[in-house]
Amino acid sequence: METLAALPLEREDPFEPPAVLKELHGPLHPMTYADGRPGWLVTGYTEARAVLDDPRFSNTWQGAAPPIKELIPPEGLADLVIPPGFFIAMDDPEHSRYRRLLTGHFSMRKMRRLEPRIQEVIDGQLDEMARVGAPADLVQAFALPVPSLVICELLGVPYGERSRFQDTTAQAVNLDNSIEQRGAAGAELMGYLSELVGRKRAEPGEDLLSELVTGGELNHEELTGVATLLLTAGHETTANMLSLGAFLLLCRPEQADLVRTDPGVAESAVEELMRYLSITHVGPIRVARADVPLAGRTIKAGETVTLCLPVVNRDATRFPDPDRLDVTRQAGQQLGFSHGIHQCLGQQLARLEMRLAYPALLRRFPTLRLAVPAEEVPLRPRATIYGVSALPVTW
Ligand code: HEM
């Protein structure tokens, strides 16, 4: 079995996983990590679910080998320090102590109640786009403001202060920045949220952060960590799905037509776009705590396993004709929101935003098209969340 040298990120086609990865045969591949350690890359659907379901795989990032050189910890620091409350990087039972405080806030029922307000936010951005007129950068005019406004309202973060979190988040996930620069951006963001938690304590409002503050179960540092995780995860990911998904639909007009004209298609289209685009393209990453048999091999205790979601979600044993985009496909089992105990907390929110946003955009501007040739749309392969950095459109 050939050993893969680290995880490639650059793509030959904006909507396809890197060719080297698509050409791999089999569900599990030995990989030499960026620091020279041996480990594994999972590309099979069944195997990916098995890893995500298995408590013998840890998500604390402690001892993890870096799948790309940009994630090698700085000299003298063996591991990244996980801030209190940043529960995405914790195992149970510590992880569930935080997660259970939040589950009810992101339930289907809560999301259904939010629907009219999210529609209003979407319509408001579309009105503004129409008012300013063509051409527009769809990232700045629509894809970034919609999820930012929604998560700000939910958490109680003043949207007027977005300059204090949008750019720092983008800097923190940009792999062209050094690890120190990314860390500094993360620290600045936490500084902002620490200050905001203080303000909520002094003057609680009717929002999620105020509720957590007055609930009294978490201390200031924990609240800051939770708030940082929710705010960053809540806007950066959905923004990239909205813009990359719109880019793809504009390149496949027959699929866009289905989304525009058939209200019944919106739900399946969201799952299919999540499957097809799989914007989390570095990980999830896990470390084995014990020897674990997988796909006829043994993952040894201490070894790192990286899941390759863009390829996992194209596994032909799970999704027939996987490289064909079909917005009517029932792709509900796609792993773009992960699976197991760390399965995306905000997935119902993200689904709702996308289900309302894609059809609304296409209906409001029926002649929407790219304002530059597709090859000139700037991609962001070198970010932990893949997408486009701008999407020039006209109508
Ligand atoms: C299309 C948009 C989104 C995508 C693709 C996405 C993707 C993911 C993935 C892949 C994970 C799991 C990582 C792992 O297994 O290690 C995750 C976890 C998480 N996501 Fe999302 N997400 C999205 C939107 C959101 C939104 C809107 C929120 C709102 C707050 C959110 C909050 C979180 C949180 C808090 C976790 C950690 C859950 C835990 O560790 O228990 N995400 N997301």
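The expected span of a helix is 1.5 Å times one less than its number of residues. In this predicted model, helix α4 comprises the 25 residues 108-132, so a span of 36 Å is expected. The C-alpha atoms at the two ends of α4 are 35 Å apart, which agrees with the expected value. The helix nevertheless contains a kink of about 45° at E115, shortly before the proline P116. Buried positions in α4 are M111, I118, V121, I122, Q125, L126 and M129. The partners against which the buried residues of α4 pack are α5 (138-143), α6 (145-155) and α14 (347-364).

The segment that follows α4 shows two further backbone features. Just after the helix, G133 adopts a positive phi of about 90°. A134 and P135 are then joined by a cis peptide bond, with omega about -5°. P135 is located in the loop between α4 and β5 (136-137). A cis peptide bond also joins G283 and P284, where omega is about 10°. P284 belongs to the loop between α12 (266-277) and β6 (285-288).

Most residues other than glycine have a negative phi, and most peptide bonds are trans. A295, which is not a glycine, has a positive phi near 50°. This residue is found in the loop between β7 (292-294) and β8 (297-299). Its relative accessible area is 42%, so A295 is partly exposed, a class that lies between the limits of 20% and 50%. D321 likewise has a positive phi, of about 50°, although it is not a glycine. D321 is situated in the loop between α13 (309-312) and α14, and its relative accessibility of 44% places it among partly exposed residues.

Two packed helices are described by the angle between their axes and the distance between the axes. For helix α8 (residues 179-202) and helix α9 (residues 208-215), the angle is about 70° and the axes are 9 Å apart. Because angles of 65 to 115 degrees count as roughly perpendicular, α8 and α9 are assigned to that class. The contact involves L196, V197, K200 and R201 from α8, together with L209, S210 and V213 from α9. By type, the residues of this contact comprise four nonpolar, one polar and two charged.

Helix α10 (residues 220-251) includes T228. With a relative accessible area of 5%, T228 is buried, since the cut-off for burial is under 20%. When residues up to four places away in sequence are not counted, T228 touches F86, L189, M190 and L193.

Conventions: Residues are numbered from 1 along each chain as its sequence is written. This is a predicted model: local features need pLDDT of at least 70, side-chain atom pairs count only at pLDDT 80 or more; totals for chains, interfaces and linings use all residues. Side-chain values use heavy atoms; hydrogens and water are left out. Helices (H or I, at least four residues) and strands (E, at least two) are DSSP runs, numbered from the N terminus. The bend at a residue is the angle between axes fitted to the seven residues ending there and the seven starting there. Buried means under 20% relative accessible area, exposed over 50%, partly exposed in between (1.4 Å probe, protein chains only). Contact means heavy atoms within 4.5 Å. Axes are lines fitted to C-alpha atoms, for helices over the stretch in contact, and angles run from 0 to 180 degrees between N-to-C directions. Angles under 35 degrees count as roughly parallel, over 145 as roughly antiparallel, 65 to 115 as roughly perpendicular and the rest as oblique. Ala, Val, Leu, Ile, Met, Phe, Trp, Tyr, Cys and Pro count as nonpolar, Asp, Glu, Lys and Arg as charged, and the others, Gly among them, as polar.
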